[in-house]
Amino acid sequence: MEEQTIWVDRPVLRDVFLNPFWIILTIATGGLFLFVVAYLVIVRLTTRYTLTNHRLMVEKGIIAKKIDDIELYRIKDTKLDQGVIDRMLQIGSVKVNTSDVSGNWNIQKILSPRDTREKIRKATEQLKQSRNVRIHTE
């Protein structure tokens, strides 16, 4: 089966600029906190998540690139994480529980986290069924 892209996204910036906590902290520190905000913006702009019918990938970096991936059959479970401000801004994070040595993943600050979680779940189930992967429960 040929690898096909299902979903590609980046973390959004709306919580950086619209979160009242960051605004108050920046004002309280006389603008010094802008360096932290700038760092958050750079990290998010240089991060890309990709879901294919075989794996989930995260790519980070501007000059030096780091690409990590997890085979979908290693995904055990997903969880949606959405705080109060995230709900107001219609963003959230999807936590992916894996059996891989790289540990659990956190796909942070994305639009439509519920839909993304469902796409990951469906792609994982389809791959497991196509490969006859059985889940053992204790």
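Is Ala28 buried or exposed? Select Ala28 to begin the tour of this predicted model; the residue lies in helix α2, which covers residues 20-28, and with a relative accessible area of 63% it is exposed, because that value is over the 50% cut-off. With Ala28 still selected, add Glu71 and draw the distance between their C-alpha atoms: the two residues are 43 residues apart along the chain, and the separation is 45 Å.

**A nonpolar patch on the surface**

Next, select Ile62, which is found in the loop between β3 (55-60) and β4 (66-71). Ile62 counts as exposed, at 59% relative accessibility. Adding Ile42 and Ile63 to the selection shows a nonpolar patch on the surface, formed by these residues with Ile62 and having about 370 Å² of accessible area together.

**Into strand β2**

Move now to Leu51 in strand β2, where the relative accessibility is 0%, so that Leu51 counts as buried. If neighbours within four places in sequence are left aside, the residues in contact with Leu51 are Gln4, Thr5, Ile6, Trp7, Leu56, Leu72, Lys119, Ile120 and Ala123. From Leu51, a line drawn to Asn104 between C-alpha atoms spans 16 Å, the two residues being 53 residues apart along the chain.

**The loop after β2**

Asn53 is the next selection, found in the loop between β2 (47-52) and β3. Asn53 has a relative accessible area of 13% and is therefore buried, under the 20% cut-off. Which backbone atoms should be displayed alongside the side chain of Asn53? One is the backbone oxygen of Glu2, which the side chain reaches at 3.1 Å, and another is the backbone nitrogen of Gln4, which lies 2.7 Å from a polar atom of that side chain. Apart from neighbours within four places in sequence, Asn53 is in contact with several residues, among them Met1, Glu3, Ile6, Leu72 and Leu127. Leu72 can be left on display from the previous stop, since Leu72 is also listed among the contacts of Leu51.

**The end of strand β6**

Finally, select Thr98 in strand β6, which runs over residues 91-98. Thr98 is buried, with a relative accessible area of 6%. A polar atom of the Thr98 side chain lies 3.3 Å from the backbone nitrogen of Asp100. To see what surrounds Thr98 beyond its neighbours within four places in sequence, display Ile70, Arg74, Ile75, Lys76, Gly103 and Asn104, with which Thr98 is in contact.

Note on methods
Residues numbered from 1 in each chain as written. Predicted model: local features only at pLDDT ≥ 70, side-chain atom pairs only at ≥ 80, totals over all residues. Heavy atoms only, no water. Helix = DSSP H or I, 4+ residues; strand = E, 2+ residues; numbered from the N terminus. Buried < 20%, exposed > 50% of the residue type's maximum accessible area, 1.4 Å probe, protein only. Patch = residues over 30% accessible without salt bridge, like charges linked within 9 Å, V, L, I, M, F, W, Y side chains within 5 Å. Areas by Shrake-Rupley, 256 points an atom, 1.4 Å probe, with all protein chains shown as cover. Salt bridge = Lys/Arg side-chain N within 4 Å of Asp/Glu carboxyl O. Polar contact = N/O pair within 3.5 Å; in protein donor to acceptor, adjacent residues only side chain to side chain. Contact = heavy atoms within 4.5 Å.
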